[in-house]
Amino acid sequence: MAYSAAQIRPGRALMGWMTSEPDDHDRYRAIYEHHRQGLFTLALAITGCAAVAEDAVQEAFVRLWQGPPVAGDHVAYVHRAVRNAALDQRRRRAVRQGGDAGLAFLAAPAGADREAEHDLHEAMRALPAEQLEAVVLHLYVGLTFAQAAEVLGEPLATVASRYRRALDRLRSLLAVRTE
Amino acid sequence: MITMDDADLERRLRALRLVPPAATLDVCLARAWWRRRAVPPAVAASIAVLGGVMAWGLATTSRVAPQPPAEAIVHARTIQHEVEVRPFSDAVRSEVHTTMVRDPQLGLTTTITQQVVGVRFDPATVH
C-alpha cells in the first residue's frame, strides 16, 4: 500500500493526539521492540552516523505517535517513516554520504574471517547507492521485497531487480578478488 | 575462482556483524513515549483534583441542610451583630454556644449555632 505525503507529514500534533488510537501506539511500541536493530541499521545506512541515526529513529517515532492512525502494513510504514526522518536528518545536518558512510551500519571486520569480511565490505562499498539500499532493506533490515518497495515508494519489480543486480555485482567483485 | 550461488552469498552477507543501537535510544524513546503519554494523565489528575474539591465542597455545603427558618436566621444575625461590639471573653465561649442551642424561642438549629461559634463575647449580653 502506498502512503500519501500527507500521511507521513510531521506536525498536526494536537489533531494527531486527538485522533490516533491507543492501539496504534501499542503497535508502534511492539514494532520498535521487534525491529529496533533493523530500524537503526536503516537509519545508520542513510546518515552514516550513529548519533544522527538514533535521532532519526526517535524523531520518526515521535512523529508516528503524534500522527493520525494508519491502515495497512504498519511495519513498512514505520520503516518508511524512519527512512524519511533519516533523510531529513542527513539533509539538515549536512552529513556527507561517501567514503564509509554507506557501510557505517556494519561493524568493523574482526575475528578469524576478518579477511573475508573485509572483501565483502569492499565489494559492498562498490555497489551503487540504490542497489545497496535494496540489500540493506532486504538482508539487514529484514523486509520483504513488497515491504521494501513500500518503504522506497518504488514498484516491487524495481526493488527486486536492484537486489538481483546487487547480488550479481557482488558475486563478480568477490570472484575477482579471490582469483 | 570461487563460485557461489545466491543462497551462499546471502548467507555470507547476513553473517556480517551489524552496529547495534545504543541503549540510549531506548531511553530516549521511552522518555518521548512518556512525554507523549504524560499529558492525558496530568489532565486527568487535574480534573480528579478539581472534582475532589468540588465534591468536598458540595458535601460540606450539604451538611448545613436542613436550612433553619428564615426568622431564626435573621434573629441569629441580630445576635451576632450585637455581640460583636461587646467585650471579648474566651472563658464563656462554650457556654454561649450551649445557651443558644437550648433557646426554645429561637429554635436554633446547628447551622445557626455554628454561625456564632468562635465569636467570643460575654454571655450575659445575649439575653
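These are my notebook entries on salt bridges and the nonpolar core in this predicted model.

**Salt bridges, overall**

I started with the charged pairs. Side chains of opposite charge can pair when their charged atoms come close. My tally over all chains is 13 salt bridges. I then went through three of them one at a time.

**E59(A) and R63(A)**

I looked up this pair and got a salt bridge with an N to O distance of 2.4 Å. Where do E59(A) and R63(A) sit in helix 3 of chain A? They are four residues apart in that helix, which spans residues 50-66, so about one helical turn separates them. Next I checked burial. E59(A) comes out at 17% relative accessibility, and I put it down as buried because the cut-off for that is under 20%.

**E122(A) and R125(A)**

Here the side chains also meet in a salt bridge, at 2.6 Å from N to O. I traced both residues to helix 5 of chain A (residues 114-125), where they lie three residues apart, about one turn. Buried or exposed? E122(A) has a relative accessible area of 24%, so I noted it as partly exposed. R125(A), at 32%, is partly exposed as well.

**R11(B) and D8(B)**

Over to chain B. R11(B) and D8(B) form a salt bridge at 2.6 Å, N to O. Both belong to helix 1 of chain B (residues 6-14), with a spacing of three residues, or about one turn. R11(B) counts as exposed because its relative accessibility is 51%, while D8(B) is partly exposed at 25%.

Then I followed shared partners. Which residues do they join into one network? I wrote down E59(A), R63(A), D88(A), R91(A) and R92(A).

**Nonpolar core**

In soluble globular proteins, nonpolar side chains tend to be buried together. I pulled up the largest nonpolar core here and it has 56 residues. The residues with the most contacts inside this core are F61(A), V82(A), F105(A), M124(A), Y140(A) and L13(B). For chain A, the elements giving two or more residues are helix 2 (22-47), helix 3, helix 4 (74-93), helix 5, helix 6 (129-140), helix 7 (145-152) and helix 8 (156-178); helix 1 of chain B joins them on that list. Which helix gives the most? I found helix 2 of chain A on top, with 10 residues.

**F105(A)**

Last, I listed what F105(A) touches, skipping neighbours within four places in sequence. From chain A I got T41(A), L44(A), A45(A), M124(A), V136(A) and Y140(A). From chain B, F105(A) contacts R17(B), L18(B) and V19(B).

Terms used. Residues numbered from 1 in each chain as written. Chains lettered and ligands numbered in written order. Predicted model: local features only at pLDDT ≥ 70, side-chain atom pairs only at ≥ 80, totals over all residues. Heavy atoms only, no water. Salt bridge = Lys/Arg side-chain N within 4 Å of Asp/Glu carboxyl O. Buried < 20%, exposed > 50% of the residue type's maximum accessible area, 1.4 Å probe, protein only. Core = buried A, V, L, I, M, F, W, Y, C linked by side-chain atoms within 4.5 Å. Contact = heavy atoms within 4.5 Å.
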